[in-house]
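Open the structure in your viewer and keep a selection tool at hand. The stops below say what to pick and what is found there.

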Amino acid sequence: MNTRRATIITGGGKGIGKAICQSLASSSNLVIVGRDQNALQNVSSDIQASGGVCKFVVGDVKDPQTAKEAIDQVLKNGWQLHSLVCNAGIGGGGNTDSYAANKWMEMFDVNVHGTFWFVQAALPLMLSHSEGKICIVSSVAGVKGFKRQAAYSASKHALVGLAKSLALEYGKKGIITIPVCPAFVMTDMTERVIAGLERYQNLSRADAEAKVRSTNPLNKIITPEEVAEAVALICAGKLDHMNGNPLVLNGGE
């Protein structure tokens with residue numbers, strides 16, 4: 001692929017992140033970030049076998065050094081950072097009155113602080129050529145509340161607030177920021193939700209999955225590829241007029 005354009009994707013080893021990597025591989029050199037070296041290696045190998053260019057950084061987004069290492073990959077290859085996709089995140093519910101302090105802190109360290117470190121590291125490169133796309137993968141929990149999900153919902157709301165502020169601060173400088181807010185996506189996180197319904201509500205797998213599907217008016221669980229399609233449109237500049245506005249993928253709920 002003959003391009004200097006580069007995209008950094010966090011949480012790129014599986015699920016939504018992997019699908020995003022595959023959707024952008026034909027138009028951009030990729031730097032993917034995650035904690036699982038084997039998963040990152042597999043994604044990178046698949047992309048390169050298909051003619052794409054993909055480097056990876058093993059690290060935790062909670063550590064600002066991980067963001068710096070991803071930026072270093074862009075610089076040492078002589079690429080121009082065009083897009084940043086902040087996808088890495090964790091979930092976890094529980095009653096608010098007994099939610100552990102360390103779990104609350106980890107939720108924000110990964111979902112919010114991890115995103116901030118990458119945005120902060122990427123902005124100077126984007127500002128240097130007055131162009132960039134920042135896509136922050138939030139959640140429908142970033143625009144509405146859910147029972148027993150106070151920490152998760154608060155962290156995802158914070159991402160939407162971050163995106164809105166970045167849009168105002170940097171939009172006139174050529175940098176577009178859009179948060180994507182999907183409902184249930186068929187990932188490990190949703191699998192855990194389904195398993196929890198089986199266990200705590202004594203449901204069959206089929207009934208538990210049907211209950212999750214029913215939360216979407218289209219009666220479906222979104223695929224990672226469908227989220228990746230939305231991210232690709234953002235990175236391609238097709239949705240610039242949504243700058244700062246959440247792109248909600250929930251079937252019209």
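Is Ser155 buried or exposed? Ser155 counts as buried, at 0% relative accessibility. Bear in mind during the tour that this is a predicted model.

**Stop 1: Ser155**

Select Ser155, which sits in helix α5. Add Asn111 to the selection: its side chain and that of Ser155 are joined by a polar contact of 3.1 Å. Then show the backbone of Tyr152, whose oxygen is 2.8 Å from a polar atom of the Ser155 side chain. Beyond its neighbours within four places in sequence, Ser155 is in contact with Met107, Phe108, Asn111 and Val112.

**Stop 2: the sheet**

Now select the strands. They form an open sheet of seven, in the order β3-β2-β1-β4-β5-β6-β7, and the pairing is parallel. At the edges are β3 (54-58) and β7 (247-249), each of which pairs on one side only. On average, neighbouring strands of the sheet are turned by 20° against each other, direction ignored.

Add helix α1 (residues 15-24), which packs on the sheet and touches β1, β2, β4 and β5. The direction of α1 makes about 170° with that of β1. Next take helix α2 (residues 37-49): α2 lies across β2 and β3 and runs at about 175° to β3.

**Stop 3: strand β6**

Select β6, residues 175-182. On one side, β6 is joined to β5 by six bridges, and the two strands run parallel. To find the register there, pick Lys133, which stands opposite Ile176 in β6. Strand β6 is also joined to β7, by three bridges and again in parallel. For that pair, pick Cys181, which stands opposite Val248 in β7.

How many of the eight residues of β6 are buried? Eight of the eight are, so β6 is largely enclosed by the rest of the structure. In a regular strand, side chains alternate between the two faces of the sheet. Colour Ile175, Thr177, Pro179 and Cys181 for one side of β6, and Ile176, Ile178, Val180 and Pro182 for the other; all of these are buried, and both faces are covered.

Zoom in on Thr177, a residue of β6. Thr177 has a relative accessible area of 0% and is buried. Leaving out neighbours within four places in sequence, Thr177 is in contact with Ile134, Ile136, Ala163, Leu166, Ala167, Asn243 and Gly244.

**Stop 4: the nonpolar cores**

In soluble globular proteins, nonpolar side chains tend to be buried together. Here the largest nonpolar core has 38 residues. Select Ile8, Val74, Leu81, Leu84, Phe118, Ile134 and Ile136, the residues with the most contacts inside this core. The elements giving two or more residues to the core are β1 (5-10), β2 (29-34), α3 (64-76), β4 (80-86), α4 (101-128), β5 (132-137) and α5 (150-170). Helix α4 gives the most, with ten residues.

Take Leu84 as a centre. Not counting residues up to four places away in sequence, Leu84 touches Ile8, Phe118, Val119, Ala122, Met126, Lys133, Ile134 and Cys135. Another core, of 31 residues, lies apart from the largest one; among its members are Ile32, Cys135, Ala183 and Cys235.

**Stop 5: cysteines**

Select Cys86, Cys135 and Cys235. Why does Cys86 form no disulfide? The closest cysteine sulfur to that of Cys86 is in Cys135, at 8.5 Å, which is too far for a bond. The sulfur of Cys135 has its closest cysteine sulfur in Cys235, at 5.9 Å, also too far for a bond. A disulfide would need the two sulfur atoms within 2.5 Å, and by this rule the count is zero. Cys86 is buried, with a relative accessible area of 2%, and Cys135 is buried too, with 0%.

**Stop 6: two loop residues**

Finish with two residues in loops. Arg148 lies in the loop between β5 and α5. Although not a glycine, Arg148 has a positive phi of about 60°. Its relative accessibility of 48% counts as partly exposed.

Then go to the loop between α6 (188-200) and α7 (205-213) and pick Asn202. Asn202 has a positive phi of about 55° and is likewise not a glycine. At 71% relative accessibility, Asn202 counts as exposed.

Methods
Residues are numbered from 1 along each chain as its sequence is written. This is a predicted model: local features need pLDDT of at least 70, side-chain atom pairs count only at pLDDT 80 or more; totals for chains, interfaces and linings use all residues. Side-chain values use heavy atoms; hydrogens and water are left out. A nonpolar core is a set of buried Ala, Val, Leu, Ile, Met, Phe, Trp, Tyr and Cys residues joined through side-chain atoms within 4.5 Å. Buried means under 20% relative accessible area, exposed over 50%, partly exposed in between (1.4 Å probe, protein chains only). Helices (H or I, at least four residues) and strands (E, at least two) are DSSP runs, numbered from the N terminus. Contact means heavy atoms within 4.5 Å. Two strands pair if DSSP finds at least two bridges between them. Axes are lines fitted to C-alpha atoms, for helices over the stretch in contact, and angles run from 0 to 180 degrees between N-to-C directions. A polar contact is a pair of N or O atoms within 3.5 Å; within protein, one must be able to donate a hydrogen and the other to accept it, and residues adjacent in sequence count only if both atoms are side-chain atoms.
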